[in-house]
Amino acid sequence: MEMTMATPISFTNPNPARNFSFSSLRLRTPFFGPTLSYSTSVAKKTPFNFRSRNSKRNSVKCSVSGATEAAREAATEAAREAATERRSQLMRRSDIRNIAIVAHVDHGKTTLVDSMLKQAKVFRDNQFVQERIMDSNDLERERGITILSKNTSITYKDTKINIIDTPGHSDFGGEVERVLNMVEGVLLVVDSVEGPMPQTRFVLKKALEFGHAVVVVVNKIDRSSARPEFVVNSTFELFIELNASDEQCDFQVIYASGIKGKAGLAPDNLAEDLGPLFETIVRCIPGPHIDKDGPLQMLATNIEVDGHKGRIAIGRLHAGVLRRGMDVKVCTSEDTCRYAKVSELFVYEKFSRVGAEAVEAGDICAVCGINDIQIGETIADKISGTPLPAIKVEEPTVKMAFSINTSPFVGREGKYVTSRNLRDRLYRELERNLAMKVEDGETSDTFLVSGRGTLHITILIENMRREGYEFMVGPPKVINKKVDDKLLEPYEIATVEVPEAHTGPVVELLGKRRGLMFDMQGLGSVIPLCHPSDNLYFHVSTRLEGTTLLKYKIPTRGLLGVRNAILTASRGTAVLNTIFDSYGPWAGDINTRDQGSLVAFEDGTTSSYALSSSQERGQLFVSPGVDVYKGQIVGIHQRSGDLALNVCKRKAATNVRSNKDVAVVLDTPLEYSLDDCIEYIQEDELVEVTPKCVRMLKNPKFKKAR
């Protein structure tokens with residue numbers, strides 16, 4: 001099939017050593033064919049190779065399958081030197097593929113894994129299987145997002161495919177960074193309408209840094225507004241921006257509908273199953289590079305805790321053979337090693353762990369019996385084993401203060417209320433959450449928790465309250481740095497899709513928060529639908545004419561509490577995505593809230609009589625018959641500054657018979673979730689978190705400090 005190509009243009013890469021020319025990506029006809037060959041070598045020799053739309057499945061041709069060895073060896077300097085010394089001993093396993101599925105949030109990773117598991121006959125034909133099988137955590141299912149990375153495996157023909165489902169939100173980037181140590185390739189899932197989004201850039205950047213082979217899956221291709229040509233072109237441009245190698249840029253594209261379980265090599269010619277996707281994984285993702293006869297080496301990249309088996313270390317075996325009952329050495333560095341014994345050994349078969357007597361290099365396994373093992377440590381041969389390079393993750397950018405509950409309602413609902421309980425739980429979180437940090441605060445009952453973003457810390461808070469903890473948290477604050485006596489703060493790239501009619505208020509809002517616009521484009525409009533169980537994310541349902549795409553570089557401080565403000569300014573139509581960019585100069589003071597709070601004047605139970613007059617002062621959070629205490633925030637003041645109200649006042653019981661009662665009409669109170677409360681509070685306010693309630697209050701210590 002002949003394709004008409006536009007005139008070649010010259011592209012200047014940010015890396016001067018890799019400037020080259022390639023044909024323009026603006027194709028006049030949609031993509032048809034299994035092989036989209038974008039490498040520079042092809043561009044110099046012949047036009048792009050497009051096959052017939054009726055090509056067979058097994059005609060997938062990949063240049064990345066054998067070209068990622070050198071890139072993987074360049075992950076770290078130490079790894080490169082070690083690989084060079086043992087090059088003659090290394091070999092590829094052809095019967096295993098280790099892959100991670102990465103994507104922007106809500107682009108269909110977990111749904112695609114569902115279909116892969118079902119078609120690989122992981123479950124019985126009559127077995128009931130719920131949606132989003134890999135989202136086993138209750139909080140994940142409620143919010144509709146993936147928080148923790150999870151392992152599973154399927155068998156396609158004679159090849160075992162280990163699959164790792166990863167989070168799509170950058171706040172959980174630590175999960176992505178450490179699991180990429182276990183795989184040789186990734187499936188980059190991109191929505192057929194939205195294309196690459198901010199978190200797509202983040203996860204792809206990490207995969208390219210590891211030198212992994214990448215297969216691009218254009219998902220949700222069955223949507224009426226799908227634009228596969230634009231999505232593939234935008235994805236290729238993203239590869240170039242991230243300085244991908246020529247071999248990585250020559251990626252294979254698969255078009256799929258994860259919810260229908262179909263895939264194909266052309267957007268309008270899908271097979272009846274995911275066969276083309278499985279074929280592509282086997283052909284385009286290389287097998288693990290191992291030292292079969294070398295000394296044992298396994299890097300612990302994840303930790304699970306079982307009530308009977310204790311701590312379970314999960315990772316990929318890099319060299320040697322690991323056997324059940326084997327004596328091993330656990331190393332953090334060359335000089336820090338201790339001895340242990342493997343009591344049980346498991347591999348992943350289908351959707352569960354299966355006991356194994358021995359595991360060969362290249363496979364992913366779970367090890368029991370080492371009760372003090374930590375993420376990043378190496379299980380090595382007892383005599384000649386050496387540690388692998390430690391896992392490195394990016395530093396946190398936001399911190400929050402956790403303290404014991406000191407409200408009058410302390411101990412009513414929670415089981416764990418003391419500072420010792422709080423300390424033990426927070427430091428236990430560090431055992432498996434590498435991207436989080438905990439340090440002691442100014443007082444013995446205060447702890448500073450640092451994370452990638454407010455969502456990262458909010459998930460910890462939600463898990464703790466469900467476990468029976470009572471505590472208080474302060475407002476989120478950014479983590480600043482000082483370099484050469486200059487104060488630096490974190491900046492993020494914010495992408496906002498908003499209808500043209502509401503562009504003005506959104507631009508004004510972000511401008512007040514020190515945002516600097518660097519791009520503005522016109523797109524088809526977006527009609528977002530709020531997720532039924534999570535008000536943090538939005539599904540894009542369709543695109544019409546009249547939508548503006550705004551891109552800002554904005555201080556992280558300016559994004560605290562901006563979500564509700566943007567939804568209000570755009571009447572619920574804007575879609576906001578953010579990702580960390582870099583540290584930059586201090587931007588100056590930022591006012592994130594113009595309105596004050598309505599504060600309860602005394603302890604008691606709210607009454608309809610008091611609330612009827614109080615609602616004239618602003619919007620209330622409480623309804624009649626709710627217990628409140630002095631200092632609790634019960635609403636938003638319509639003006640700046642706080643206002644104390646008596647929301648517990650009762651009507652005087654005089655002349656009851658002679659005066660007829662007047663019906664009281666109350667407005668519906670605002671319902672603020674935990675995330676909303678965290679965004680709302682300011683410097684002198686706190687959030688009280690209990691297993692059943694989330695309340696806001698003024699910080700009594702703040703007044704004393706002033």
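This passage walks through a sheet, a hairpin with its disulfide, and some aromatic and charged contacts in a predicted model.

A good place to start is an open sheet of 4 strands, which lines up in the order β35-β37-β33-β38 and has mixed pairing. At its edges sit β35 (618-620) and β38 (643-645), each of which pairs on one side only. Neighbouring strands in this sheet aren't quite lined up: on average they are turned by 30 degrees against each other, direction ignored. What holds such strands side by side is backbone hydrogen bonding, and the pairing can be parallel or antiparallel. For β35 and β37 (residues 633-637), the pairing is antiparallel, with 3 bridges joining the two strands. To see this on the model, look for L620, which stands opposite G635 in β37.

Next comes a hairpin, made by β16 and β17 with 5 residues between them. Here β16 (residues 327-331) and β17 (residues 337-341) run antiparallel and are joined by 5 bridges. One handy landmark is V330, whose bridge partner in β17 is R338.

The hairpin also brings in a disulfide, which joins C331 to C337 with an S to S distance of 2.5 Å. A search of the whole structure turns up 1 disulfide. The torsion about the S-S bond of C331 and C337 comes out at about 110 degrees, so this disulfide is right-handed. How exposed or buried are its two ends? C331 has 0% relative accessibility and therefore counts as buried, while C337, at 35%, counts as partly exposed. Two other cysteines can be checked in the same spirit. C365 is buried, with a relative accessible area of 0%, and C677 counts as buried too, at 2% relative accessibility.

Turning to the aromatic rings, the structure holds 10 aromatic pairs. Take F402 and F471: their ring centres are 5.5 Å apart and their planes meet at 15 degrees, so the pair is stacked. The reasoning rests on a cut-off, because planes have to be under 30 degrees apart to count as stacked. Where do these two rings sit along the chain? F402 belongs to strand β23 (residues 398-404) and F471 to strand β26 (residues 471-473), so the pair ties together parts that are 69 residues apart in sequence. Both rings are tucked away from the surface: F402 counts as buried at 0% relative accessibility, and F471 counts as buried at 0% as well.

Right beside F402 in sequence is S403, which is also found in strand β23. S403 is buried, with a relative accessible area of 16%; that value makes the grade because buried means under 20%. Leaving out residues up to four places away in sequence, S403 touches L422, D445, T446, F471 and M472. So F471 turns up twice in this part of the story, as the stacking partner of F402 and as a contact of S403.

Elsewhere, F236, F239 and F251 form one aromatic cluster. Aromatic rings meet charges as well. The charged end of K481 sits over the ring of Y583, 4.4 Å from the ring centre. In another example, the charged end of K382 sits over the ring of Y339, this time 6.0 Å from the centre.

Conventions:
Residues numbered from 1 in each chain as written. Predicted model: local features only at pLDDT ≥ 70, side-chain atom pairs only at ≥ 80, totals over all residues. Heavy atoms only, no water. Pairing = 2+ DSSP bridges. Axes fitted to C-alpha atoms, helices over the stretch in contact; angles between N-to-C directions. Phe/Tyr/Trp six-rings, centres within 6.5 Å; stacked < 30°, edge-to-face > 60°. Buried < 20%, exposed > 50% of the residue type's maximum accessible area, 1.4 Å probe, protein only. Lys NZ or Arg CZ within 6 Å of the ring centre and 35° of its normal. Disulfide = S-S within 2.5 Å. Contact = heavy atoms within 4.5 Å.
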